[in-house]
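Reader: Before we turn to particular contacts, let us look at the model together. I will ask as we go along.

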Amino acid sequence: MMGATVEQFNCAKSQMGTLKKDPGNEAKLKIYALFKQATQGPCNTPKPGMLDFVGKAKWDAWKSLGSVSQEEARQQYVDLIDSLLAPEGLVVAAQPTGSAASFDTLLVSTEDNVTTIRFNRPQKKNAINVEMYNEIIKALEESGKDDSVITVITGSGDFYCSGNDLTNFTKIPQGGMQQMAKDGGELLREFVKAFIDFPKPLIAVINGPAVGVSVTLLGLFEVVYATERATFHTPFSQLGQSPEACSSYTFPKMMGNAKASEMLLFNKKLTATQACAQGLVTEVFPDSSFQTEVATRLKAYAKLPRNSLTLSKQLIRGTEKERLHTVNDQEVERLVERWLSDECMQAIMSFFQAKL
Ligand SMILES: CCC/C=C/C(=O)SCCNC(=O)CCNC(=O)[C@H](O)C(C)(C)COP(=O)([O-])OP(=O)([O-])OC[C@H]1O[C@@H](n2cnc3c(N)ncnc32)[C@H](O)[C@@H]1OP(=O)([O-])[O-]
């Protein structure tokens with residue numbers, strides 16, 4: 001069964017207040033139970049005492065839903081509110097604005113208070129084309145405002161992400177190369193800004209090799225979990241380019257100038273274990289148990305109080321936010337120049353020639 005989206009659920013919740021007629025105790029208990037199941041999952045709180053009649057009735061209603069998934073509970077909640085609104089000539093109006101259906105390059109879902117944004121161009125190793133940059137910005141914007149406690153970014157298929165889609169350089173707009181570089185710079189600035197300003201804990205689940213901008217962004221995540229199969233490669237100088245996503249600031253801060261330079265200047269590809277030793281990765285897991293071990297962690301994190309996590313992230317990141325925006329601006333300025341350089345053109349041409 002397809003579940004309702006968080007938007008539809010939230011809309012139903014707010015429409016509840018517009019009901020003119022009292023729906024009665026039985027419906028109210030059902031609404032309560034579905035709401036709890038949709039937002040917190042199955043009931044595992046202790047049974048209230050015999051004399052707490054109201055508490056016990058509510059607990060029984062919630063418990064009776066057993067292991068119904070949060071998605072399905074959202075759908076039943078929306079259906080029930082709809083059935084109560086209908087006689088009054090009203091409907092739950094929210095359309096699925098943030099559902100997976102509205103993205104072409106991503107799969108976005110929310111379950112158990114975790115919003116997962118999954119790069120979904122596996123046939124291109126999840127390379128980020130212009131559409132995908134825009135969709136990631138949109139998905140982050142929506143996820144920053146939804147009910148989830150943490151946001152996770154991961155990839156479909158065997159790669160986490162192969163970085164900037166190099167075909168972005170082959171789509172020359174009417175204004176020529178200058179215009180292409182200018183538009184590309186603006187998009188990159190907005191893209192990185194969406195990460196710098198993201199309010200909730202952001203967790204990267206690195207399911208395979210990561211290249212370019214997907215690696216440099218990791219300095220803006222709270223936690224990075226990687227399978228032992230993952231590698232981390234930022235071949236900027238090889239491409240005649242320069243670092244982005246604030247890595248010229250976050251990498252030296254994280255790993256010291258020498259190790260950062262090996263990666264950002266000299267294209268050193270790190271194994272997951274090496275990346276962990278340098279502080280870029282939080283923890284490495286065996287590939288066979290990666291998904292299950294990480295899922296257990298995420299579930300536990302998502303049970304923590306939402307506001308406490310958001311405020312704590314603000315304290316940790318707040319002092320350097322201005323700095324990050326300045327670094328982002330400077331890096332974008334440098335890249336816009338680089339994209340017009342012979343060095344960069346030659347490197348992009350070699351990539352496409354190698355494919356012939
Ligand atoms: C924006 C800021 C500045 C820049 C930041 C960066 O990210 S710099 C870093 C920029 N990134 C890079 O320099 C990485 C360039 N890519 C590579 O080096 C390799 O493809 C690989 C090591 C990622 C995977 O090797 P593999 O032998 O395992 O697999 P495969 O090669 O067969 O790939 C399968 C298909 O995917 C395609 N595709 C993959 N990646 C890209 C891409 N980025 N673009 C376009 N297409 C890409 C590939 O062409 C092929 O398409 P086809 O022929 O089926 O139509």
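**Side-chain contacts and the ligand**

Reader: Where should Asp146 be placed, buried or exposed?

Author: Asp146 counts as buried, because its relative accessibility is 16%. Buried here means under 20% relative accessible area, exposed means over 50%, and partly exposed is what falls in between, with a 1.4 Å probe and protein chains only.

Reader: What kind of model is this, and how are residues numbered?

Author: This is a predicted model, in which local features need pLDDT of at least 70 and side-chain atom pairs count only at pLDDT 80 or more, while totals for chains, interfaces and linings use all residues. Residues are numbered from 1 along each chain as its sequence is written, and side-chain values use heavy atoms, with hydrogens and water left out.

Reader: Back to Asp146, then. Which residue does Asp146 form a salt bridge with?

Author: The partner is Lys200, with 3.0 Å between the closest N and O atoms. Asp146 is in the loop between helix 5 (130–145) and strand 3, and Lys200 is in the loop between helix 6 and strand 4 (202–206), so the pair ties together parts that are 54 residues apart in sequence. Lys200 is also buried, as its relative accessible area is 4%. A salt bridge here is a side-chain nitrogen of Lys or Arg within 4 Å of a carboxyl oxygen of Asp or Glu. Helices (H or I, at least four residues) and strands (E, at least two) are DSSP runs, numbered from the N terminus.

Reader: Why can such side chains pair at all?

Author: Side chains of opposite charge can pair when their charged atoms come close.

Reader: How many salt bridges does the count come to?

Author: The count comes to 20 salt bridges. One of them joins Glu222 and Arg317, whose closest N and O atoms are 3.2 Å apart. This pair links distant parts of the chain, 95 residues apart: Glu222 is in the loop between helix 7 (213–216) and strand 6, and Arg317 is in helix 11 (residues 306–318). Glu222 counts as partly exposed at 28% relative accessibility, whereas Arg317 counts as buried at 16%.

Reader: Which residues are linked with Glu222 and Arg317 in a network of salt bridges?

Author: The network links Glu222 and Arg317 with Lys253, Lys313 and Glu320.

Reader: And where do Glu337 and Arg334 lie?

Author: Both are in helix 12, 3 residues apart, which is about one turn of the helix. Their side chains meet in a salt bridge at 3.2 Å, N to O. Glu337 is partly exposed at 43% relative accessibility, and Arg334 is partly exposed with a relative accessible area of 43%.

Reader: Changing topic: how many aromatic pairs does the structure hold?

Author: There are 11 aromatic pairs. In the pair of Phe169 and Trp339 the ring centres are 5.9 Å apart and the planes are at 70°, so the pair is edge-to-face. Phe169 is in the loop between strand 3 (150–155) and helix 6 (176–196), and Trp339 is in helix 12 (residues 321–339), so the pair ties together parts that are 170 residues apart in sequence. Both Phe169 and Trp339 are buried. Another edge-to-face pair is that of Tyr225 and Phe285, at 5.4 Å centre to centre with 85° between the planes. Tyr225 belongs to strand 6 (residues 223–227) and Phe285 to strand 9 (residues 283–285), so this pair ties together parts that are 60 residues apart in sequence. Tyr225 and Phe285 are buried too.

Reader: What are the cut-offs for a ring pair?

Author: Rings of Phe, Tyr and Trp (its six-membered ring) pair if their centres lie within 6.5 Å; planes under 30 degrees apart count as stacked, over 60 as edge-to-face and the rest as tilted.

Reader: Which residues do ring pairs link into a cluster?

Author: The cluster consists of Tyr133, Phe191, Phe195 and Phe221.

Reader: Now the ligand. Which residues are closest?

Author: The closest are Lys124, Asn164, Leu166, Val213 and Lys355, out of 20 residues that surround the ligand, counted if a heavy atom lies within 4 Å of it. Backbone atoms take part: an N or O atom of Asn164 is 2.8 Å from a ligand oxygen, and a polar atom of Leu166 is 2.8 Å from a ligand nitrogen. A polar backbone atom of Val213 is 2.9 Å from an oxygen atom of the ligand.

Reader: How much of the ligand does the protein cover?

Author: The protein covers 69% of the 1,000 Å² of accessible area that the ligand has on its own.

Key. A polar contact is a pair of N or O atoms within 3.5 Å; within protein, one must be able to donate a hydrogen and the other to accept it, and residues adjacent in sequence count only if both atoms are side-chain atoms. Accessible areas come from the Shrake-Rupley method with a 1.4 Å probe; for residues, only the protein chains shown count as cover.
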